[in-house]
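Visitor: Could you take me through one part of this model up close, namely how the helices pack and what sits around them? I'd like the cut-offs along the way.

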Amino acid sequence: MTGLKAPAAPTRPAEERTLGLPQATALILGSIIGVGIFNLPFSLAAIGPISIVAMALTTVGALSLAVMFAVLSRRLPADGGPYAYARAAFGNGTGFLNAWSYWITAWAGNAAIVTGWVFYVEHFVNKDGVVGWSIAIAVIGLWLPALVNLTGVKNMGAVQLWTTVIKFIPLAIMSTVGLFFITTANYSPANVSGDSDLSAIGSAMAICLFSYLGVETAAVAAAKVRDPSRNIPRATVYGTLGSAVVYLLSMIAIFGIVPTSQLAEEANKASYSVAANSMAGSGTWAGDLVALAVIVSGLGALNGWTMICAEMPLAAAKDGVFPATFGRLSRRGVPTVGIIASTVLATVAMVVSYSGSSGATVFNTLVLMTGITAAIPYAFSALAQLKWRLLDRRTGNGARFARDSAVAVLSLAFSILFVWYSRNSGDDWWVVWGPFLMAGAAFLLGVPVFLAVRNRMSAPPAVPPYQ
């Protein structure tokens, strides 16, 4: 698989490591908390309040992933995160598969985020959901954060920090004050899907996973983080724990405040705004404020994920695993090609998904597609951890072996389950299997790229000792 080493891409000077612990934690929080959680009640209304159980189980999986990435990043604080772990453990071919899969996750995730973001923008404009205008709004939502990223890392970090502060406001209110407005009768019936409870929970978990995508973003952006071996693990755990608390409490509140049948209505896509209006009791001012906060939240998530969209190809290009053009930096120190290419692909995915589908189907299809493509690098990261920890034990370093192995096995199991349950609901096979069809098409695009770069890949790095 290896051949002549590709020309080295320009390296970032030390002063460009501009993300300290607060900014790295904000990157985690801002990437995890986008608009996914704000759209979940609408997306899960067809399943019912039993989705809260699914969210709790997904939270366990997300926390296991966070702990696993924290340990891996201490051992190998390499730019690219999951890609770097898979490549170091299993070679360049597996490294390319993971880099390509994660890149799909990033730009398809942006397409899903912007689709959910449109729900809240349309709380104010295009209330009839005219598809052409929805697409136009989504295009603005994708390209505005791309422009911020093109201006440099410092601006991106500042936007990420402040949008993260704002996005916590509706979640904090809903997960505290909202608990006092719960009507317990709204939790019954718990399962309205028509499937068994187990199937309903599994289907809901696949959608819930999207809300936790981002636990690995600090590891992916390791080259931008100061003191990465210390700050990446802390930011990963702090950011995931913070997200988990507000996620679970706010989901309990939303399903308890608004009846499931009302959440399922197309007119109530902005679920948190509907719940806020119900709490306020009169007028729409509370829902309007929540919608504005979610709009800011979505822009923050798109800002962070646009950076991640470019960071993975940049890391891979440095190793010759991606085309060299993705490794070139602009005068502002940003990978322009990665930012633009990812935003173009996200735009195409969003437009294709809108063709002939309602907003809910578009959002769920893109969400499930990203679940499939994210689960692959998550699973390989777990396999890398298991491989290295077994080798450690054989060479006499068995410290924390049971903990790390258990976390890796749990992460691997969750990754497999997320792929298994990533099917849409519906009667038409192309709707049901749409996430797999879109993911498959995106993977096929990587075949000619792999064939073009396979003889220029440099050798994977040696794996450092366990820390």
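Guide: Here is a walk through two helix pairs, the core and a few backbone oddities.

First, the ground rules: this is a predicted model, where local features need pLDDT of at least 70 and side-chain atom pairs count only at pLDDT 80 or more, while totals for chains, interfaces and linings use all residues. Residues are numbered from 1 along each chain as its sequence is written, and side-chain values use heavy atoms, with hydrogens and water left out.

Let's start with H5 (residues 92-121) and H6 (residues 131-150), whose axes come within 9 Å and cross at roughly 120°. Helices here are DSSP runs (H or I, at least four residues), numbered from the N terminus. Axes are lines fitted to C-alpha atoms over the stretch in contact, and angles run from 0 to 180 degrees between N-to-C directions. H5 and H6 are therefore oblique to each other; the scheme calls angles under 35 degrees roughly parallel, over 145 roughly antiparallel, 65 to 115 roughly perpendicular and the rest oblique. Their crossing is right-handed, as the near helix is turned clockwise from the far one by less than a right angle. On the H5 side, Asn110, Val114, Trp117, Val118 and Val121 meet Ser134, Ile137, Ala138, Gly141 and Leu142 of H6, with contact meaning heavy atoms within 4.5 Å. By class, that contact has seven nonpolar, three polar and no charged residues. Ala, Val, Leu, Ile, Met, Phe, Trp, Tyr, Cys and Pro count as nonpolar, Asp, Glu, Lys and Arg as charged, and the others, Gly among them, as polar.

The loop between H5 and H6 holds Asn126, a non-glycine residue with a positive phi of about 50°. Asn126 is buried, at 18% relative accessible area; buried means under 20%, exposed over 50% and partly exposed in between, with a 1.4 Å probe and protein chains only. Arg400 also has a positive phi, near 55°, without being a glycine. Arg400 lies in the loop between H15 (359-394) and H16 (401-420) and is partly exposed at 42%.

Next pair: the axes of H3 (residues 51-75) and H8 (residues 197-212) come within 8 Å and cross at roughly 50°. H3 and H8 are therefore oblique to each other, and H3 passes H8 in a right-handed crossing. Among the residues making this contact are Ser51, Ala54 and Thr58 of H3 and Ala204, Cys208 and Tyr212 of H8. The residues of the H3 and H8 contact divide into eleven nonpolar, three polar and no charged. In the loop between H7 (153-174) and H8 you'll find Pro189, joined to Ser188 by a cis peptide bond with omega about 0°.

Now the core. The largest nonpolar core has 132 residues, and those with the most contacts inside it are Ile33, Ile37, Leu44, Trp107, Tyr120, Tyr272 and Phe322. Such a core is a set of buried Ala, Val, Leu, Ile, Met, Phe, Trp, Tyr and Cys residues joined through side-chain atoms within 4.5 Å. H5 supplies the largest share of this core, 18 residues. Leaving aside neighbours within four places in sequence, Leu44 is in contact with Ser51, Ala204, Ile207, Cys208, Met251 and Phe255. A second, separate core of five residues includes Val153, Ala310, Val334 and Ile339.

Last stop: Ser243, in H10 (residues 228-257), which is buried at 0% relative accessibility. Not counting residues up to four places away in sequence, Ser243 touches Leu29, Ile32 and Ile33.

Key: Helices (H or I, at least four residues) and strands (E, at least two) are DSSP runs, numbered from the N terminus.
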